[in-house]
Amino acid sequence: MKLETSSRLACCSPEKEGYLLKKGGRHASYHRRWFMLCGNLLLYWERQGDPQPLGLILLEGSTVTLRSSKLEFAFCLCSVSRVYKMAAESQRELELWVRALLSANLGYTKALVGELRSQYMSLTQEPAKPSARSRIDQACDELQWGAEFGVLHQWLGEEVTRLRPNSLMDF
């Protein structure tokens, strides 16, 4: 997918960026491309600093697997529309890219929020009276947990600070 140079997608602050080798769709050779991960979008250019990306890969619903190849640090990125064969330049870069790509889809973030929610609820509910909470309190909890991620992050930070013992705050 071609993008306009004025596109906001090309100007986002990336979670990860760097060179990867990407196997061409029509050609069997690998090409070194500059990649930039922005949210659940992976953009790539021929070279770092080029004005227009060559393409964009939507990572929602994608999977990443290591693969055997003549290249040492190879992996597959399986998107909804295509399988991309790629390779990193080192073991460390492979690990960083795989971790970043796996955590870039919304399903992963929702799973993390669900786990945080269950941990938080188990810490804040009194075990003796689980049904004593009013329906209004429960509805407020549902609204809070359904908030935008930034709002949820701020709220959880405040809650953790409030629930911490004072002795931990005296450093």
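This is a short tour of side-chain pairings and one loop residue, stop by stop in your viewer.

The model is predicted, so local features need pLDDT of at least 70 and side-chain atom pairs count only at pLDDT 80 or more, while totals for chains, interfaces and linings use all residues. Residues are numbered from 1 along each chain as its sequence is written, and side-chain values use heavy atoms, with hydrogens and water left out.

**Stop 1: the salt bridges**

Side chains of opposite charge can pair when their charged atoms come close. The structure holds three salt bridges (a side-chain nitrogen of Lys or Arg within 4 Å of a carboxyl oxygen of Asp or Glu).

Select Lys16 and Glu93 to begin. Their closest N and O atoms are 3.0 Å apart. Lys16 belongs to strand β1 (residues 16-23) and Glu93 to helix α1 (residues 91-102), so this salt bridge ties together parts that are 77 residues apart in sequence. Here helices (H or I, at least four residues) and strands (E, at least two) are DSSP runs, numbered from the N terminus. Are these two residues buried or exposed? Lys16 is buried, with a relative accessible area of 14%, whereas Glu93 is partly exposed at 25%. Buried means under 20% relative accessible area, exposed over 50%, and partly exposed in between, using a 1.4 Å probe and protein chains only.

Next, pick Arg32 and Glu89, whose closest N and O atoms are 2.7 Å apart in their salt bridge. This pair also links distant parts of the chain: Arg32 is in strand β2 (residues 30-38) and Glu89 in the loop between β7 and α1, 57 residues apart. Arg32 counts as partly exposed at 42% relative accessibility, and Glu89 is partly exposed at 45%.

Then move to Glu46 and Arg47, which form a salt bridge with 3.1 Å between the closest N and O atoms. Glu46 is partly exposed, at 36% relative accessibility, and Arg47 is partly exposed at 46%.

**Stop 2: from Arg32 to the rings**

Go back to Arg32 and add Tyr19 to the selection. The charged end of Arg32 sits over the Tyr19 ring, 3.7 Å from its centre (the cut-offs are NZ of Lys or CZ of Arg within 6 Å of the ring centre and within 35 degrees of the ring normal).

**Stop 3: the aromatic pairs**

A pair of aromatic rings is described by the distance of the centres and the angle of the planes. There are three aromatic pairs in the structure. Rings of Phe, Tyr and Trp (its six-membered ring) pair if their centres lie within 6.5 Å; planes under 30 degrees apart count as stacked, over 60 as edge-to-face and the rest as tilted.

Keep Tyr19 and add Trp34: this pair is edge-to-face, 4.9 Å centre to centre with 75 degrees between the planes. Tyr19 is in strand β1 and Trp34 in strand β2, so the pair ties together parts 15 residues apart in sequence. Trp34 is buried, at 9% relative accessibility.

Now select Phe35 and Trp97. Their ring centres are 6.4 Å apart and the planes are at 75 degrees, so this pair is edge-to-face. Phe35 in strand β2 and Trp97 in helix α1 are 62 residues apart, and the pair links distant parts of the chain. Phe35 is buried, with a relative accessible area of 0%, and Trp97 is buried at 0%. Add Tyr44 to see the cluster that ring pairs make of Phe35, Tyr44 and Trp97.

**Stop 4: Ser79**

Finish at Ser79, in the loop between β6 (74-78) and β7 (83-87). Ser79 is buried, with a relative accessible area of 13%. Which residues are in contact with Ser79, leaving aside its neighbours within four places in sequence? Select Ile57, Leu58, Ser62 and Tyr84 to see them; contact means heavy atoms within 4.5 Å.
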